[in-house]
Amino acid sequence: MPLIEFQDVSKWFPHSTGRQLLRTHITRWFGRVHHQPFYALRNVSFRLEQGESLAIVGSNGAGKSTLLSLAAGLTPPDQGHVRVNGRIAALLELGSGFHPDLTGAENLVLNAALLGLSRRKTNQLFDRIVEFSGIGEFIDDPLRTYSSGMVMRLAFSVAIQCEPDILLIDEILGVGDASFQTKSREALVSFRQAGKSLLFVSHSPGSVREMCDRALWIDHGSVMMDGNANEVLEAYQGRALVQQGI
Amino acid sequence: MMAVLTFIFTKIFARASDTNFPLFVLCGLVPLNFFTLAWVTGTTSVLDNAPLIKRVPVPRQVFPIASVISNCLHLLIQIALLLGIVLVFGRGVNIHWLWLPLIWGLEILFVMGLAFAFSAVNVYVRDTRYVVESTNTVLFWLVPVFYSFALIPARFRGLYEINPVAALVLMMRNVLLENHAPLDSTLIRLAIVSVGMFGAGLFIFGKLKDGFYTRL
């Protein structure tokens, strides 16, 4: 049974007319203007099997983040089916689900709860998470005093220690310092060795090659190529060079 | 706020003929304040938490529920103060106080229903919150805070009886000032309206919540 399965998934967004006021709705009802929706994803199909790690590459606005949001269950697709089997931890944006005025420890508990961890399990894992994050004595300080690297380390530590089946990461790994990057790489490698899966969005070819054996290249919402990470990266980079006219 | 109100209605508005007037007004103001605040914060709850909704897969119903419950904390303090003032005014505890949790529970259910419905609609039509705010201003006069039910002409009384906030004010006064249990008919009407509103709110929220992500 695949962990994640996308079947002819399409997702579109209405072209927004600024603030959604009552006026906007009324003029739309009476007006003749029909905006074409903007397709963020168009007929995307792929499967992520147990133990497989998939990188998603593509230029800005290609639909990578939308794809992760659909996998995380934040929004249903407009067409097609998304099936997910297993518990997902999503690291989509730096510090989402964190409250700046709460302490690091309180945010840790809150974040674990958002990932679906029970209070007791969180207490068991608490020390390990704090130790992994390397935040140390600052854990009892409010989050607004943290640097962005510290926030990312805390978020990553909670996500990796709460042992999800699938980890979704949206290019935030670059924030930590060198030692934490090494540590998180090692954690991700052992995460993969434990047979867990990774769905990974990145602009860095180095980390894609390191983390994933498979890659999916999407462009303007459509799948351009799905296959071996090296081959997909080569094609993707070749295309980018062609576009630059080199 | 409570202190200021008590001061105004005991020292400034105090009428020799009616020593209970401050209590009478507070029995109206506490429910009305709770209702207006919970409705407004409930309405904006989904929009205020847009970053969470776009990035964290939690059940969306959490947001209106949380905002109403956080208002309940203030409410508990206000009710405790109100009961304290009742005692200060020399009115003892009576057995009918046991009705209070039930009628407040129904009221909270009603506000939650409203919060579900309006928070969802507010995502699609962003000026919903201004409609709610204006309605609350009107409500201040439509709920018998400064006047009693006895003053309402019989032909308008039907209008008041379907208003759950007015029903709550009436029952608060029944219990705290008149020492008798709320009328069955009022209670049943409030129960039906509250449960109905809660169900309708949940239904509307469920219908609209799939569009939150693209609209926020």
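In strand β8 of chain A, A:L216 is the bridge partner of A:I56. That pair is a good place to enter this predicted model. It belongs to a join between two strands: β3(A), residues 53-57, and β8(A), residues 214-219. The two run parallel, and four bridges hold the pairing.

Now look to the other partner of β8(A). Strand β9 of chain A covers residues 222-228. Here the direction changes: β8(A) and β9(A) run antiparallel, with six bridges between them. One pair to find is A:W217 and A:M225, with A:M225 sitting in β9(A).

The link between these two strands is short enough to inspect by eye. β8(A) and β9(A) form a hairpin with two residues between the strands. A:H220 in this hairpin takes a positive phi, near 50°. Seen together, β8(A) pairs with β3(A) in parallel and with β9(A) in antiparallel fashion.

Step back to the whole chain. Chain A contains eight helices and nine strands. Its radius of gyration is 20 Å, close to the 18 Å that the globule rule gives for 246 residues, so chain A is as compact as a globular protein of that length. Along the principal axes, the C-alpha atoms fill a box of roughly 60 × 50 × 40 Å.

What share of the 246 residues in chain A is buried? The figure is 38%. A residue counts as buried when 20 or more other C-beta atoms lie within 10 Å of its own.

Contacts reach far along the sequence. Take those in chain A between residues at least 6 apart: 75% of them join residues at least 24 apart.

How values were computed: Residues are numbered from 1 along each chain as its sequence is written. Chains are lettered from A and ligands numbered from 1 in the order in which they are written. This is a predicted model: local features need pLDDT of at least 70, side-chain atom pairs count only at pLDDT 80 or more; totals for chains, interfaces and linings use all residues. Two strands pair if DSSP finds at least two bridges between them. The radius of gyration is taken over C-alpha atoms; the globule rule is 2.2 Å times the number of residues to the power 0.38. A residue is buried if 20 or more other C-beta atoms lie within 10 Å of its own, exposed if 12 or fewer, and partly exposed in between; C-beta atoms are placed from the backbone. Two residues are in contact if their C-beta atoms, placed from the backbone, lie within 7 Å.
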